[in-house]
Amino acid sequence: MTRRILITAGPTHEAIDAVRYLANRSSGQLGLHLAEAARDAGLEVTLLLGPVALSPPAGIPAVRFESVADLARLLDEHFAGCDVLVMAAAVADYRPRQAAAKKLPRGAEKLCLELEPTPDLVAACAARKRPGQRVIGFALEDAAVLDARAQDKLRRKGLDAVVANPLGTMGARDIRATIYTADGRVIKPPPAQPMPKADFARWLIEWIGATW
Ligand code: CTP
């Protein structure tokens, strides 16, 4: 039975130097709606929240992260204590190999950033889950390849379910989603899509409660 839910939300910031970073367009909105819906459903919610302008919903203590490394540490601390992890954070796939300690000065020469791949956090959680624990990931891809890539992520990362969204979802108010489960189900949330993220969040939390 799902009692304790761990939700990650928002982008990561990967430092280039003392003042600059690499980021993405995630607003964290869906994760915040999920946290709110989970709270309203009576679940015990832990929210790991990235660098976003939005505030966490009332009554939900948020633990803040900036980088992939921060989020990895927080997952080490909080993952074991949850029944379900909902990994809505838009985690960077690459980060600068080294961040300059000072602000890089402007120069006439071109500047090359060397990027290294980040660890796959959700896959690492899925690999160490205990019996009965569930891990849900997200897949944000071009609509033309969304279904195939979402199903590939489900398998490759060892997830129990993946929520697939077309690219336009990031930063938008509405969402169009399909859920693929490890046991082969394909679920389209009612009612008509696209739907406001707040409505989708309530639906997904209900679905999690009914399924696990
Ligand atoms: N994710 C993660 N750690 C990363 C990258 C992504 O935990 N370093 C998680 C995201 O939070 C999301 C899921 O993996 O739940 C899918 O993220 P996405 O960026 O779409 O997947 P990629 O890892 O980039 O997969 P691909 O190799 O197919 O691009």
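Reader: Which residues of helix α2 are buried?
Author: We're looking at a predicted model here, and in it α2 runs over residues 68-78. Buried means under 20% relative accessible area. The residues of α2 that count as buried are V68, L71, L74 and L75.

Reader: Why do the buried residues of α2 line one face of the helix?
Author: Start with a general point: an α-helix has 3.6 residues a turn, so residues three or four places apart point the same way. Now look down the axis of α2: its buried residues line one face because they fall within an arc of 120°.

Reader: And which residues are exposed on the other side of α2?
Author: To be exposed, a residue needs over 50% relative accessible area. On the other side of α2, the exposed ones are R73, D76 and E77.

Reader: Is T8 buried or exposed?
Author: T8 sits in strand β1. Skipping neighbours within four places in sequence, T8 is in contact with L71 and L75, among others, and those two are on the list of buried α2 residues. The relative accessibility of T8 is 0%, so T8 counts as buried.

Reader: Which element gives the largest share of the largest nonpolar core?
Author: This core has 35 residues, and I5, L34 and I208 touch the most other members. Elements giving two or more residues to the core include β1 (4-9), α1 (29-40) and α5 (197-211). The largest share is seven residues, and the element they come from is α5.

Reader: Which residues of α5 is I5 in contact with, leaving aside neighbours within four places in sequence?
Author: The contacts of I5 include A38, V45 and V84, as well as I205 and I208. Helix α5 covers 197-211. Put those together and the α5 contacts of I5 are I205 and I208.

Reader: How many residues are in the second, separate core?
Author: You can spot this core by L121, A126, L146 and V162, which are among its members. One of them, L146, lies in helix α4, and L146 is buried, with a relative accessible area of 7%. The number of residues in this second core is 26.

Reader: Which residue of strand β10 touches L146 and is buried at 4% relative accessibility?
Author: Not counting residues up to four places away in sequence, L146 touches A139, E141, A164, N165 and P166. One of these, N165, lies in strand β10 and also has F138 and L140 among its contacts. At 4% relative accessibility it counts as buried, so the residue you want is N165.

Reader: Which element gives the most to the lining of the largest pocket?
Author: This pocket has a volume of about 970 Å³, and 43 residues line it. Nearest its centre lie A89, A90, V91, F138 and L140. Elements such as α1, α3, α4 and β10 each supply at least two lining residues, but the one giving the most, with five residues, is β9.

Reader: How many of the lining residues of the largest pocket are charged?
Author: Split the lining into kinds: 21 residues are nonpolar and 13 are polar. The charged ones number nine.

Reader: How far apart in space are P117 and R128?
Author: P117 is in strand β8, and at 55% relative accessibility it counts as exposed. Apart from residues up to four places away in sequence, P117 touches D93 and Y94. P117 and R128 are eleven residues apart in sequence, and their C-alpha to C-alpha distance is 21 Å.

Definitions and conventions
Residues are numbered from 1 along each chain as its sequence is written. This is a predicted model: local features need pLDDT of at least 70, side-chain atom pairs count only at pLDDT 80 or more; totals for chains, interfaces and linings use all residues. Side-chain values use heavy atoms; hydrogens and water are left out. A nonpolar core is a set of buried Ala, Val, Leu, Ile, Met, Phe, Trp, Tyr and Cys residues joined through side-chain atoms within 4.5 Å. Buried means under 20% relative accessible area, exposed over 50%, partly exposed in between (1.4 Å probe, protein chains only). Contact means heavy atoms within 4.5 Å. On a 1 Å grid over the protein atoms alone, a cavity is a set of points where a 1.4 Å probe fits but cannot get out, and a pocket is an open set with protein on both sides within 12 Å along at least five of seven lines; lining residues have an atom within 4 Å of a point. Grid points are joined across faces, edges and corners, and a volume is the space filled by probe spheres set on the points. Ala, Val, Leu, Ile, Met, Phe, Trp, Tyr, Cys and Pro count as nonpolar, Asp, Glu, Lys and Arg as charged, and the others, Gly among them, as polar. The arc is that of the directions from the helix axis to the C-beta atoms.
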